[in-house]
Amino acid sequence: MNSLSRQELARLVARHLPPEGFVNLGIGAPTAIADHLPAGSHVMLHSENGILNVGPKPSEGQEDGDLINAGKMPVTLARGGSYFDSSLSFSMMRGGHLDIAILGAFQVSEHGDLANWSTGDLHGAPPAIGGAIDLAVGARQIWVMMDHSTRDAQPRLVQRCTLPLTAVGVVTRVFTNLAIVGITNEGFVLEALFEQASVEEVQQRTGALLSLSPEMRRFGRDGVLVPA
């Protein structure tokens, strides 16, 4: 199935962020969103290691070893940005000051349960939950950005998580390389499809029932809405 690349997905997520929102980008794939914010969106990006108003990655050769995000990747600082210590950063995260936190995940359940950390035996991930647990309970909304299925074609959107949980019932929206899926009291709702993906194909790759949104849309690789 023809699916979006990580950069294409990051561009699409960036287009869905609310103007002037305060948004945390989790470690991994979500950090690419910083490179795709639309001009004039005035979104302020937060990194849990103590940066507000994170900019895009620097040009090659312009990296500053002292300016990195929580995943230790080089970043820039947008105009008006600031640095602060971990205690202030985690106060922002825990205190409801972030509109959205965008996290990677291994699994998301139809009830919004989040599993995005490892005990050390999964894909080489470090055995630590990190700041995800603080973001999961502190941000006003949790969005997840991940592949729709694993490398061996197992679903990541499931009825019940089988991996260690980060938090229960916190995820409201999932962006995968095939679709946008909302989470309601009734379970997964298919909000949008990408490229040539069909409802039937996406359902086959999902480990729980997908309801269809009455306003379901389709997006192209450029993140732009495709006319019906």
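Where is the place of proline 155, in relation to E8 and strand E9? I would like to start there, keeping in mind throughout that what we are looking at is a predicted model. Proline 155 sits in the loop between E8 and strand E9, the latter being residues 157-158, and with a relative accessible area of 27% this proline is partly exposed. If we set aside its neighbours within four places in sequence, proline 155 is in contact with His148, Ser149, Arg205, Thr206 and Gly207. For a sense of distance, take glycine 65, which is 90 residues from proline 155 along the chain: the C-alpha atoms of these two residues are separated by 38 Å.

Let me turn now to the sheet. It is an open sheet of 10 strands with mixed pairing, and their order is E4-E3-E2-E1-E5-E8-E10-E11-E12-E13. At the edges stand strand E4, residues 77-83, and strand E13, residues 210-219, and because each of these has a single partner strand, one side of each is left without a neighbour in the sheet. From one strand to the next, the twist averages 25 degrees. At the E4 edge, strand E3, which covers residues 51-54, runs antiparallel to E4 and is joined to it by three bridges, and there valine 54 stands opposite leucine 77 in E4.

Helix H1, residues 6-16, packs on this sheet, where it touches E5, E8, E10, E11, E12 and E13, and the direction of H1 makes about 160 degrees with that of E8.

My next residue is serine 109, and is it buried or exposed? Serine 109, which is found in strand E6, residues 107-109, is buried, since its relative accessible area of 0% falls under the 20% cut-off for that word. Not counting residues up to four places away in sequence, serine 109 touches Val158, Gln159, Arg160, Cys161, Ile183 and Phe188.

Finally, a word on empty space, which is revealed by rolling a probe the size of a water molecule over the atoms. The second largest pocket holds about 340 Å³ of space, and 25 residues line it, with Thr31, Ala32, Asp35, Asn69 and Met73 lying nearest its centre. Which elements supply at least two residues each to the lining of this second largest pocket? They are H1 and strand E2, residues 44-47, and it is E2 that gives the largest share, three residues. By character, the lining of the second largest pocket divides into 13 nonpolar, nine polar and three charged residues.

Methods
Residues numbered from 1 in each chain as written. Predicted model: local features only at pLDDT ≥ 70, side-chain atom pairs only at ≥ 80, totals over all residues. Heavy atoms only, no water. Pairing = 2+ DSSP bridges. Helix = DSSP H or I, 4+ residues; strand = E, 2+ residues; numbered from the N terminus. Axes fitted to C-alpha atoms, helices over the stretch in contact; angles between N-to-C directions. Contact = heavy atoms within 4.5 Å. Buried < 20%, exposed > 50% of the residue type's maximum accessible area, 1.4 Å probe, protein only. 1 Å grid on protein atoms, 1.4 Å probe; cavity = no way out; pocket = protein on both sides within 12 Å on 5 of 7 lines; lining within 4 Å. Points joined across faces, edges and corners; volume = space filled by probe spheres on them. Nonpolar A, V, L, I, M, F, W, Y, C, P; charged D, E, K, R; others polar.
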